[in-house]
Amino acid sequence: METLVDSYLASKNGVPRMPIVALKNKRPKYDERIKAHTLDFNGRVTEGSTKNFQLCASGVDPSDFDKDDADGAVVLQFGKCGTNTFALDFSWPMSPMQAFAIALSSIDTKLCYVL
């Protein structure tokens, strides 16, 4: 039986389709020295925040979703640099619009506002 992923990846009119890329949060590692969970932002993020995150790319292999940690390359990182200042870094396969939409959705978590 053909899966949805297989049918998507099948070529159409002889033109192969782009592979599906799954994005997964990179889990922070516990640092014994500072007694806290940390992510390595390579100096781009300077303040700790619950809004800091990194997304890693992986293929469509179902076993990738069962891993405890994402092993793929970081394709998007977003984090706090100062008061009301955030850094957003991204690379292929993310487009600027996709990266900005993901970052924007992580800043504002309220579902509705009271007038």
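The protein has two helices and six strands. This model is predicted. Read from the N terminus, the elements run α-β-β-β-β-β-β-α. So the chain opens with a helix, passes through the strands and closes with a helix.

Of the 115 residues in the protein, 21% are buried. Now take the contacts with a separation of 6 or more. Residues 24 or more positions apart account for 48% of them.

**Helix α2**

Helix α2 covers residues 96–107, which makes 12 residues. How far apart are its end C-alpha atoms? They are 17 Å apart. At 1.5 Å a residue, the helix should span 16 Å, so the two values agree.

Which residues of α2 are buried? They are A99, A103 and S106. These residues cover an arc of only 60° around the axis, which puts them on the same side of α2. The spacing along the chain helps to explain this. An α-helix has 3.6 residues a turn, so residues three or four places apart point the same way.

What does this buried side pack against? The buried residues of α2 pack against three strands: β4 (53–58), β5 (74–82) and β6 (85–90).

**Loops with unusual backbone**

Two asparagines have a positive phi although they are not glycines: N42 and N84. The table sets them side by side.

| Residue | Phi | Loop | Relative accessibility |
|---|---|---|---|
| N42 | about 55° | between β3 (36–38) and β4 | 63% |
| N84 | about 55° | between β5 and β6 | 72% |

Are these residues buried or exposed? Exposed means over 50% relative accessible area. N42 has 63%, so it counts as exposed. N84 has 72%, so it is exposed as well.

Another loop holds a cis peptide bond. It joins W92 and P93, and its omega is about 15°. P93 lies in the loop between β6 and α2.

**The largest pocket**

Where is there empty space? Rolling a probe the size of a water molecule over the atoms shows where empty space is left. The largest pocket holds about 240 Å³ of space.

Which residues line the largest pocket? The lining is made of P28, H37, T38, L39, F41, V45, E47, G48, S49, T50 and N52. By class, four are nonpolar, six are polar and one is charged. The charged one is E47, because Glu counts as charged. Among the nonpolar ones are L39 and F41, because Leu and Phe count as nonpolar.

Key. Residues numbered from 1 in each chain as written. Predicted model: local features only at pLDDT ≥ 70, side-chain atom pairs only at ≥ 80, totals over all residues. Heavy atoms only, no water. 1 Å grid on protein atoms, 1.4 Å probe; cavity = no way out; pocket = protein on both sides within 12 Å on 5 of 7 lines; lining within 4 Å. Points joined across faces, edges and corners; volume = space filled by probe spheres on them. Helix = DSSP H or I, 4+ residues; strand = E, 2+ residues; numbered from the N terminus. Expected span 1.5 Å × (residues − 1). Buried < 20%, exposed > 50% of the residue type's maximum accessible area, 1.4 Å probe, protein only. Arc of directions from axis to C-beta. Contact = heavy atoms within 4.5 Å.
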